[in-house]
Amino acid sequence: MRQYKWVEKDIISPERTKVWTTDNKSKSSEKKVAVIYYLSRNGQLEHPHFMEVPLSSSSSHGGGLYLKDVFNRLDFLRGKGMTNMYSWSSRRVYKNGFVWQDLSENDLILPTKACEYILKGSEILLNSTSLR
């Protein structure tokens, strides 16, 4: 989290003016990426949601964005267990369009463009035959 402080600086005029600056020392070394995600309920896509997700720094993961990292962030933002209510896929470029690639929790998510991550959560519907 950035810390802000007032700093007094001399301006050309004889008056002194306060300027708002950021304290770069408190900057976290944790790299975050922007993730856009859609939720699909009853076959309808809701409006897109935006969040920032820290990249996995674990050496076993190699530093990319994994669905597990997205789940951790969503559990924090929207409540534990929310992610289990959906089947997750990521948008992938294919020929002149795109496709949705199904994902599991330990999958690496590839960006569609430079650093653009787009996900879709499709509501898992339970019916009477699946409960048996």
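Which residue of strand 7 does Ser 90 stand opposite? The legends below take up this question within a predicted model, in which local features need pLDDT of at least 70, side-chain atom pairs count only at pLDDT 80 or more, and totals for chains, interfaces and linings use all residues. Residues are numbered from 1 along each chain as its sequence is written, and side-chain values use heavy atoms, with hydrogens and water left out.

**Figure 1. Overview of the chain and its order of elements.** The chain contains 2 helices and 8 strands, where helices (H or I, at least four residues) and strands (E, at least two) are DSSP runs numbered from the N terminus. Read from the N terminus on, the elements follow the order β-β-β-β-β-α-β-β-β-α. Of the 132 residues in the chain, 26% are buried; buried stands for under 20% relative accessible area, exposed for over 50%, and partly exposed for values in between (1.4 Å probe, protein chains only). Among the contacts (heavy atoms within 4.5 Å) with a separation of 6 or more, 41% are accounted for by residues 24 or more positions apart. The accessible surface comes to about 9,700 Å², of which 50% belongs to carbon and sulfur atoms; accessible areas come from the Shrake-Rupley method with a 1.4 Å probe, and for residues only the protein chains shown count as cover.

**Figure 2. Pairing of strand 6 with strand 7 and with strand 8.** Strand 6 (86–94) and strand 7 (97–102) pair in the antiparallel sense over 6 bridges, two strands being paired if DSSP finds at least two bridges between them. In this pairing Ser 90 stands opposite Gln 101 of strand 7, which answers the opening question. Strand 6 also pairs with strand 8, in the antiparallel sense and over 5 bridges, and here Tyr 86 stands opposite Glu 123. As general background, side chains in a regular strand alternate between the two faces of the sheet.

**Figure 3. The turn of the hairpin formed by strand 6 and strand 7.** The two strands of this hairpin have 2 residues between them. Lys 95 lies in the loop between strand 6 and strand 7, and its phi, near 50°, is a positive value in a residue other than glycine. Lys 95 is exposed, with a relative accessible area of 69%.

**Figure 4. Asn 42 and the salt bridge between Arg 41 and Glu 46.** Asn 42 is located in the loop between strand 3 (32–41) and strand 4 (44–45), with a phi near 55°, a positive value in a residue other than glycine. The relative accessibility of Asn 42 is 65%, and the residue therefore counts as exposed. The side chains of Arg 41 and Glu 46 meet in a salt bridge at 3.1 Å, N to O, the term requiring a side-chain nitrogen of Lys or Arg within 4 Å of a carboxyl oxygen of Asp or Glu. A search of the whole structure finds 1 salt bridge. Arg 41, with a relative accessible area of 33%, is partly exposed, and Glu 46, at 24% relative accessibility, also counts as partly exposed.

**Figure 5. Surroundings of Leu 110 in the loop between strand 7 and strand 8.** Leu 110 belongs to the loop that lies between strand 7 and strand 8 (117–123) and is partly exposed, with a relative accessible area of 36%. Apart from its neighbours within four places in sequence, Leu 110 is in contact with Arg 91, Arg 92 and Tyr 117. The C-alpha atoms of Leu 110 and Gly 64, which are 46 residues apart along the chain, are separated by 8.4 Å.
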